[in-house]
Amino acid sequence: MLKLKKTCETCDAPLINGEAEAYICTFECTFCRPCTTDTHKHICPNCGGNLVLRPTRPEKLIEKNPQADV
């Protein structure tokens, strides 16, 4: 299961579930939009993978298991 990280790995900006500007790579490295586009140019600095918009957990799953997002 995808582990949603709470902050950008570069600048520690908060990234909650549903954050429209959270990006992720194949290995679940997570970054905010400014770090993704400006600093890393959509390439993960950890593994070299492409950074894409991070999927979100549907609200119904959060209601069933709210702690899974922390």
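Where is the place of His42? His42 sits in the loop between H1 and S3, and we will come back to it after a look at the whole chain.

## The model and its confidence

This is a predicted model, in which local features need pLDDT of at least 70 and side-chain atom pairs count only at pLDDT 80 or more, while totals for chains, interfaces and linings use all residues. Residues are numbered from 1 along each chain as its sequence is written, and side-chain values use heavy atoms, with hydrogens and water left out.

The pLDDT score is the predictor's confidence in each residue, from 0 to 100. For the protein chain its mean is 83, and 77% of the residues reach 70 or more. Among the elements, H1 has the highest mean pLDDT (96), and helix H2 (residues 59-64) has the lowest (58).

## Elements and sheet

Two helices and three strands make up the secondary structure of the protein chain. Helices (H or I, at least four residues) and strands (E, at least two) are DSSP runs, numbered from the N terminus. Read from the N terminus on, the elements follow the pattern β-β-α-β-α.

The three strands form an open sheet with the order S2-S1-S3 and antiparallel pairing. S2 and S3 are the edge strands, each pairing on one side only. Two strands count as paired if DSSP finds at least two bridges between them; S1 and S3, which run antiparallel, are joined by two bridges. Ile24 has Val52 in S3 as its bridge partner. As a general reminder, strands of a sheet pair through backbone hydrogen bonds, either parallel or antiparallel.

## Surface and long-range contacts

The protein chain exposes about 4,500 Å², with carbon and sulfur atoms supplying 57% of it; accessible areas come from the Shrake-Rupley method with a 1.4 Å probe, and for residues only the protein chains shown count as cover. Of the 70 residues in the protein chain, 31% are buried. Buried means under 20% relative accessible area, exposed means over 50%, and partly exposed is in between (1.4 Å probe, protein chains only).

Contact means heavy atoms within 4.5 Å. Among contacts between residues at least 6 apart in sequence, 44% join residues at least 24 apart.

## The nonpolar core

A nonpolar core is a set of buried Ala, Val, Leu, Ile, Met, Phe, Trp, Tyr and Cys residues joined through side-chain atoms within 4.5 Å. The largest one here has eleven residues: Cys8, Leu15, Ala22, Tyr23, Cys25, Cys29, Phe31, Cys32, Cys35, Cys44 and Leu51. Strand S1 (22-24) and strand S2 (30-32) each supply at least two residues of this core.

Tyr23 is a good residue to click on. Leaving out residues up to four places away in sequence, Tyr23 touches residues including Cys29, Phe31, Cys32, Leu51 and Val52.

## Cysteines without disulfides

How many disulfides does the structure hold? There are zero disulfides, a disulfide being a pair of cysteine sulfur atoms within 2.5 Å. Cys8 is not bonded because its sulfur is 3.8 Å from the closest cysteine sulfur, in Cys32, too far for a bond. Cys8 counts as buried because its relative accessibility is 0%.

Cys47 has its closest cysteine sulfur in Cys25, 3.6 Å away, which is again too far for a bond. At 36% relative accessibility, Cys47 counts as partly exposed.

## Two histidines in one loop

His40 is found in the loop between helix H1 (33-39) and strand S3 (52-53). Is His40 buried or exposed? It counts as buried, because its relative accessibility is 15%. Beyond residues up to four places away in sequence, His40 touches Thr10, Phe31, Cys35, Pro45 and Leu51.

Back to His42, which counts as partly exposed at 32% relative accessibility. Setting aside neighbours within four places in sequence, His42 is in contact with Tyr23, Thr36, Thr37, Gly49, Asn50 and Leu51. His42 and Phe31 lie eleven residues apart in sequence, with a C-alpha to C-alpha separation of 9.7 Å.

## Positive phi angles

Most residues other than glycine have a negative phi, and most peptide bonds are trans. Asp12 has a positive phi near 65° and belongs to the segment before S1. With 54% relative accessibility, Asp12 counts as exposed. The C-alpha atoms of Asp12 and Cys32 are 8.6 Å apart, with their positions 20 residues apart along the chain.

Glu28 also has a positive phi, near 70°. Glu28 is in the loop between S1 and S2 and counts as partly exposed at 25% relative accessibility.
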